[in-house]
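Trainee: Could you help me learn to read this fold, one feature at a time?
Mentor: Gladly; let us look at it together.

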Amino acid sequence: LAFRIPASTSLIRIIAMPGQYQMINGVRYERELMEYAKEQSAKGSLTKAEASKLWELAMDGNKVTPTEMRTLEHILATHTLDEDARALLTQKMKGEGSHRELLEAGMERMSAAPVARKMNFQSFQKAAAGAHVALAGSLKGLSLTTPDGGSLELTGHAKEFSQSEGFAEVVGTKETDSRLNVLAVMPMGAKVDFKLWDEAVKMTQMPQLAHLFAPAAGA
């Protein structure tokens, strides 16, 4: 079944996709942010409170994705914001850009280091000092609380993420049974099942499954 689309409609193509995204001229944006901005703009210029709400919506996973950042940039370019609202949103986006640079620097450090073995607090206790490890848990300040109830002091590059909170995977080298020298921190959002994560980590340490999680030769 074919349809003829008038040529005029190709000038501005807006395709509403089911789910969380909206396409405009072939570019993907976050539907929730777009709809909120449109709804509030109908009342007048976006206020500081509404700009703060936009940022809160963008940060729903404890981080701003590239699509969410692109959407905020689109909103700044296509909607009227009062002076305080524009200043707030611009400042937040600039800070998130710096945060992304820290994440990328951490990834570079990880790529130059030996492959880290996933652990929970219990297996971390058995690891030798200097071992390259990856542990996940609740990050707050310079401490990490693991799903199996342990608590680690974070040193090294952890200070770059001292203002971050939420579930994260931390990669680094073991200093002591209670201290981890951090190479990188990877935020993973707030909606993580602690018990399920811990069970998955335990699976990687089962002798009969260990070969499935071992680094590939030459990696």
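Trainee: At roughly what angle do the axes of helix α1 and helix α2 cross?

Mentor: Before we start, keep in mind that this is a predicted model. For a pair of helices, we ask how close the axes come and at what angle they cross. Here the axes of α1 (residues 31-41) and α2 (residues 48-58) come within 10 Å and cross at roughly 165°. Angles over 145 degrees count as roughly antiparallel, so α1 is roughly antiparallel to α2. Their crossing is right-handed.

Trainee: Which residues make the contact between α1 and α2?

Mentor: On the α1 side they are E32, L33, Y36, A37 and Q40, and on the α2 side E50, K53, L54, L57 and A58. Sorted by class, the residues of this contact are six nonpolar, one polar and three charged.

Trainee: How do α2 and helix α3 cross?

Mentor: We read this pair in the same order: axes, then handedness, then residues. The axes of α2 and α3 (residues 66-78) come within 10 Å, with a crossing angle of roughly 160°. These two helices are therefore roughly antiparallel to each other. The crossing of α2 and α3 is right-handed. L54, W55, L57 and A58 of α2 make the contact with E68, L72 and I75 of α3. That contact has six nonpolar residues, no polar ones and one charged.

Trainee: Are α1 and α3 roughly parallel or roughly antiparallel?

Mentor: Look at the angle once more: the axes of α1 and α3 come within 9 Å and cross at roughly 20°. Angles under 35 degrees count as roughly parallel, which means that α1 is roughly parallel to α3. The crossing of α1 past α3 is right-handed.

Trainee: Which residues of α1 and α3 meet?

Mentor: L33, M34 and A37 in α1 meet E68, T71, L72, H74 and I75 in α3. The classes here are five nonpolar, two polar and one charged. You can now put the three helices together: L33 and A37 of α1 take part in the contact with α2, and L33 and A37 also meet residues of α3.

Trainee: Now the strands, please. How many bridges join strand β4 to strand β5, and in what sense do the strands run?

Mentor: For strands, we look at the direction of each partner and at the residues that stand opposite one another. Three bridges join β4 (residues 117-119) to β5 (residues 132-140), and the two run parallel. As an example, K118 is opposite A134 in β5.

Trainee: What do β4, helix α5 and β5 make?

Mentor: They make a right-handed β-α-β unit, with α5 covering residues 121-126.

Trainee: How many bridges join β5 to strand β8?

Mentor: There are nine bridges between β5 and β8 (residues 165-176), and these strands run antiparallel. Two facing pairs help you find your place: L135 stands opposite V170 in β8, and A136 stands opposite E169 in β8. While you look at neighbours such as these, remember a general idea: in a regular strand the side chains alternate between the two faces of the sheet.

Trainee: In what sense do β5 and strand β6 pair?

Mentor: β5 and β6 (residues 143-145) pair in the antiparallel sense over three bridges. K140 has S143 in β6 as its bridge partner. The two strands form a hairpin with two residues between them, where G141 takes a positive phi near 60°.

Trainee: How many residues lie between β6 and β7 in their hairpin?

Mentor: Five residues lie between them, and G149 in the turn has a positive phi of about 90°. Three bridges join β6 to β7 (residues 151-156), which run antiparallel. Among the partners, T145 is bridged to S151 in β7.

Trainee: And where does strand β9 fit: is its pairing with β7 parallel or antiparallel?

Mentor: β7 and β9 (residues 179-187) pair in the parallel sense over four bridges. There, E153 stands opposite R179 in β9. β9 also pairs with β8, in the antiparallel sense, over eight bridges. In that pairing, the bridge partner of A168 is P187 in β9. The hairpin that joins β8 to β9 runs through two residues.

Trainee: Thank you, I will trace it again in that order.

Conventions: Residues numbered from 1 in each chain as written. Predicted model: local features only at pLDDT ≥ 70, side-chain atom pairs only at ≥ 80, totals over all residues. Heavy atoms only, no water. Pairing = 2+ DSSP bridges. Right-handed = clockwise from strand over helix to strand, strands pointing away. Axes fitted to C-alpha atoms, helices over the stretch in contact; angles between N-to-C directions. Parallel < 35°, antiparallel > 145°, perpendicular 65-115°, else oblique. Left-handed = near helix turned anticlockwise from the far one by under 90°. Contact = heavy atoms within 4.5 Å. Nonpolar A, V, L, I, M, F, W, Y, C, P; charged D, E, K, R; others polar.
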